Amino acid sequence: MSDPNKDWLDEELENLRDLEAPTTLLPGVMRKVRERAGKSWRARLVGSPADLWRSAVVGLSLFLLGLLLVVNPIQLCAQTTGSSALLNLFPLLLDAGKAALSQVRIFNLPALALVTPAIVLSYSVLVATASAIRHLANARR
Amino acid sequence: MVAAATLSLSQFHDRARSGLDREMAEEEEFETFIRSYQNMVFSVSARIVGNLTDAEDITQEVFIKAYDRFKQLQDSNTVGGWLKTVATNLSINHLNRYRARWRFFSEQTEPVEVAIEVERETDHREALELALRRLPDAQRVALTLFHFQGMSYEEIAAKLDVSLAKVKSDIHRARETLKKLVKK
């Protein structure tokens, strides 16, 4: 017995057959599959040469940033013989700034403890804004 | 010594040949697999995205994903379900990339006109397929998930991240539009 709630549209929709896939589909998939199979596991992991370069540049930048925390390049320059008085002044200013940040207290907290979250927060806001702009631009396209 | 070397060389060739044969056999199996399911996957994508060119791209993507886990899929008896789910998710993701446009269309109250003259000459089912593709995105997606994937209103609402009332109204409006456009 047929369902009384069903009308002709339900029947028509139920009777719809699968659409025929285009003839270009199978060769297209097989070509991509062969391309993937031809790539070594390393190439698949690393991706395109452009991706590799991008990752290498980001890695190097992070390494240099980490190195800055350990080595003070201005101080190193200042220590070399024949350096100018101005160059000698930079490490002094940096040391004074570092001391000020760690010793000055705002609301009983070291200034560094307040400045660091402020920097992180402003960076996050910048990233979120950039991402929102990109999202809106994609949506409008 | 030479004989031993020759033997190992021929063995090496045999192994290489058998490896190539295995690869070719795997490729053939995968081709057969695609032939068996391509219409189903293509239909799922085409009915969700409403565009045959985009549906072809999505179908290719689905099969490339399937190739990565072909061995597991061969042993599984839920291949069809897996392919349908992946095709559905990729198609919805595709539409979500243009979410603003989707919202704009979903707010339209007037049904999108289908070329009625063309439909009268063509097969009734073809006309229904055409009318389905020309429905506003939000209505078509909800109707497709309900009728072709057998999902409940609640499941559709959760999948599309919209309210239950919107799903119900989209399906109702889609059905009304289809009835108007493809008269029995």
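Across the interface of chain B and chain A, nine residue pairs are in polar contact, counting pairs with both residues at pLDDT 80 or more. That confidence score comes up because this is a predicted model. On the chain B side of the meeting place, helix 1, helix 2 (52-68), helix 7 (124-133) and helix 10 (164-181) each supply at least two of the residues that touch chain A. Helix 1 of chain B gives the most to that side, with 12 residues.

Let's stay at this interface for a moment. How many residues does each chain bring to the contact? Chain B brings 35 residues, and chain A brings 28 residues. Three residues stand out on the chain B side: Gln60(B), Ile64(B) and Arg125(B) supply 18% of the area that chain B buries against chain A, more than any other three residues. Put the two chains together, and the area buried between them is about 3,200 Å², with carbon and sulfur atoms giving 64% of that.

There's charge here too: four salt bridges are counted between chain B and chain A. If you'd like one to look for in the structure, try Asp10(A) and Arg175(B), which form a salt bridge whose closest N and O atoms are 3.0 Å apart.

Now for chain A by itself. Chain A has seven helices and two strands, and if you read along its sequence the pattern goes α-α-α-α-α-α-β-β-α. Of the 141 residues in chain A, 12% are buried. The accessible surface of chain A comes to about 11,500 Å², and 67% of it belongs to carbon and sulfur atoms.

Next, let's head inside. The largest nonpolar core has 54 residues, and the ones with the most contacts inside it are Phe30(B), Phe33(B) and Leu83(B). Helix 1 of chain B (residues 2-49) gives the most to this core, with 10 residues. Want to see what Phe33(B) is up against? Leaving out residues up to four places away in sequence, Phe33(B) touches Phe63(B), Ala66(B), Phe70(B), Leu73(B), Val79(B) and Leu83(B).

Last stop: Ser91(B), which lies in helix 4 (residues 79-96) of chain B. Is Ser91(B) buried or exposed? Ser91(B) counts as buried because its relative accessible area is 0%, and the cut-off for buried is under 20%. Its side chain reaches the backbone oxygen of Ala87(B) at 2.6 Å. Setting aside residues up to four places away in sequence, Ser91(B) also touches Ser45(B), Ile48(B), Val49(B) and Ile58(B).

How values were computed. Residues are numbered from 1 along each chain as its sequence is written. Chains are lettered from A and ligands numbered from 1 in the order in which they are written. This is a predicted model: local features need pLDDT of at least 70, side-chain atom pairs count only at pLDDT 80 or more; totals for chains, interfaces and linings use all residues. Side-chain values use heavy atoms; hydrogens and water are left out. Helices (H or I, at least four residues) and strands (E, at least two) are DSSP runs, numbered from the N terminus. Buried means under 20% relative accessible area, exposed over 50%, partly exposed in between (1.4 Å probe, protein chains only). Accessible areas come from the Shrake-Rupley method with a 1.4 Å probe; for residues, only the protein chains shown count as cover. A nonpolar core is a set of buried Ala, Val, Leu, Ile, Met, Phe, Trp, Tyr and Cys residues joined through side-chain atoms within 4.5 Å. Contact means heavy atoms within 4.5 Å. Buried area is the accessible area (1.4 Å probe) that two parts lose on being put together, summed over both. A salt bridge is a side-chain nitrogen of Lys or Arg within 4 Å of a carboxyl oxygen of Asp or Glu. A polar contact is a pair of N or O atoms within 3.5 Å; within protein, one must be able to donate a hydrogen and the other to accept it, and residues adjacent in sequence count only if both atoms are side-chain atoms.
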